[in-house]
Amino acid sequence: MTPSFADVSAVSGQLERALPPHVFAFGFSFRKRAIVRRFVGDVKVRFIWNSSAVSAGSALLLWGSTPLPAGLVPDVRVIRIEDGFLRSVGLGADLIAPVSWVMDQRGIYYDATRPSDLEFLLQHSEFSAELLARATSLRRRIVDTGLTKYNVGSGSWRCPQPGRRVILVPGQVEADASIRFGAPGISTNMALLQAVRTANPDAYVVYKPHPDVVAGLRARGQGEDEARRWCDEVVVHVAMADLLAAVDQVHVLTSLAGFEALLRGKRVTCYGLPFYAGWGLTEDVLPIPRRCRRLTLDALVAGALILYPVYLSRSKSEEKCTPEQALDALLAWRAATGDGLVLWRKVLRSVLRSVLGIAGRKR
């Protein structure tokens, strides 16, 4: 039966309530284990590194696109966990805990090789007038307050050549699973940038490297040091929300910046297959035949920000909250944090760079 979402707690709430009293979790780092326990609530979690402990008919949590462990018995319910789309004030690569996760039983939202719970929800759900009105309010508040996934960066930007059409090309971490599973054609930042420049020779093209790369916590993409060959300007530290407000279009592989641009009424072209492509809201270079429904922007928002994620209160460690309450928490968090890293996080970032073997480099 196609679910009805008049009850706005559906999907993520149903999935959470449907978890059995005991679940297994395979391959999670010690840091993520505490976060897993918080998001699953009263469910008892047994963390394992060997699939032999998992019995038929049980539930197994995996992070993101982690492959199924070898030797897993049949009839195991696999649930994949990943960061939500409103995450934190600061980077996950800086080990900053999220306020939202998604739990997906079909796949995961960035894996376009198969349907996910989010795709199924967007393809088949009935969105009530009440839910769409809620999504409208949520979207407007996100835009008005300048919230994004990570909420990092400061300052403003304006095109130095007024009158030119401005295209933003957001960089991604090329080793990420979202590229491996969502970009079957162009799959590098520089190839994307070259394609955008070739198709738009008269536009003012801006390239923004991924914040994890800027922080020195993830490796640069192939040839990324030569970005200025293909764009008019490289913008680094400006907050994504402020940059989106100043551009006309956004061209992406699978970057969440494309979704954040849609929220702000920007024209978005997708060269890969992100979760928000294929619904009639973006210009898509690649076809997605499975996604044959035309959605309104607020239906997409309802699915991606209200129904799909699980939000966790920052004030009460075990308490779930609504997306509206999560927005309140993010705004308070951002106001308390300010623009820069505190000293201990700068030290931690240096340690992480050393552990990851990535040289930090200021721009």
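Analyst: Two strands pair if DSSP finds at least two bridges between them. This is a predicted model, and its strands can be set against that rule.

User: What makes β1 and β2 a pair?

Analyst: Five bridges join strand β1 (residues 22-26) to β2. The rule asks for at least two, so β1 and β2 pair. The two strands run parallel. Val-23 has Val-45 in β2 as its bridge partner.

User: How do you know that β1 and β3 pair as well?

Analyst: They have two bridges, in the parallel sense. At least two are needed, so the condition is met. Ala-25 stands opposite Leu-61 in β3. On to β4 (residues 77-83): five bridges join it to β3, again running parallel. Here Trp-63 stands opposite Ile-81.

User: Why is β3 described as mostly covered?

Analyst: Five of its five residues are buried. Buried means under 20% relative accessible area. Ala-59, Leu-61 and Trp-63 point one way, while Leu-60 and Leu-62 point the other way. In a regular strand, side chains alternate between the two faces of the sheet.

User: What makes β2 and β13 edge strands?

Analyst: Start with the strand order. The open sheet of seven strands runs β2-β1-β3-β4-β5-β12-β13, with mixed pairing. β2 (44-48) and β13 (320-321) each have a single partner strand, so one side of each lacks a neighbour in the sheet. Helix α2 packs on this sheet, touching β2, β3, β5, β12 and β13. The direction of α2 makes about 75 degrees with that of β5.

User: How many aromatic pairs are there, and why is Phe-39 with Trp-101 called stacked?

Analyst: The structure holds 15 aromatic pairs. For Phe-39 and Trp-101, the centres are 4.9 Å apart and the planes differ by 20 degrees. Pairing needs centres within 6.5 Å, and planes under 30 degrees apart count as stacked. Both conditions hold, so the pair is stacked. Phe-39 lies in helix α2 (residues 30-40) and Trp-101 in strand β5 (residues 100-104), so the pair ties together parts 62 residues apart in sequence. Both residues are buried.

User: Why is the pair of Trp-157 and Tyr-204 tilted?

Analyst: Their ring centres are 6.2 Å apart and their planes stand at 35 degrees. Stacked needs under 30 and edge-to-face over 60, so this pair falls into the remaining class, tilted. Trp-157 sits in the loop between α4 and β6, Tyr-204 in strand β7, so the pair links parts 47 residues apart in sequence.

User: How do you know whether Trp-157 and Tyr-204 are buried or exposed?

Analyst: Trp-157 has a relative accessible area of 7%. Tyr-204 has 4%. The cut-off for buried is under 20%, so both residues qualify.

User: What makes Arg-106 lie over the face of Phe-120?

Analyst: Arg-106 is 3.8 Å from the ring centre. The distance limit is 6 Å, with an angle limit of 35 degrees from the ring normal. Arg-33 lies over Phe-30 in the same sense, at 4.5 Å.

User: Why is helix α3 said to be largely enclosed?

Analyst: Six of the eight residues of α3 (residues 117-124) are buried, so the rest of the structure largely encloses the helix. Among the buried ones are Leu-118, Leu-121 and Leu-122.

User: Why are α4 and α10 called roughly perpendicular?

Analyst: Their axes cross at roughly 80 degrees and come within 8 Å. The roughly perpendicular range is 65 to 115 degrees, so the label fits. Contacting residues include Leu-131 and Ile-142 in α4, and Val-301 and Leu-305 in α10.

Methods. Residues are numbered from 1 along each chain as its sequence is written. This is a predicted model: local features need pLDDT of at least 70, side-chain atom pairs count only at pLDDT 80 or more; totals for chains, interfaces and linings use all residues. Side-chain values use heavy atoms; hydrogens and water are left out. Rings of Phe, Tyr and Trp (its six-membered ring) pair if their centres lie within 6.5 Å; planes under 30 degrees apart count as stacked, over 60 as edge-to-face and the rest as tilted. Helices (H or I, at least four residues) and strands (E, at least two) are DSSP runs, numbered from the N terminus. Buried means under 20% relative accessible area, exposed over 50%, partly exposed in between (1.4 Å probe, protein chains only). Contact means heavy atoms within 4.5 Å. Axes are lines fitted to C-alpha atoms, for helices over the stretch in contact, and angles run from 0 to 180 degrees between N-to-C directions. Angles under 35 degrees count as roughly parallel, over 145 as roughly antiparallel, 65 to 115 as roughly perpendicular and the rest as oblique.
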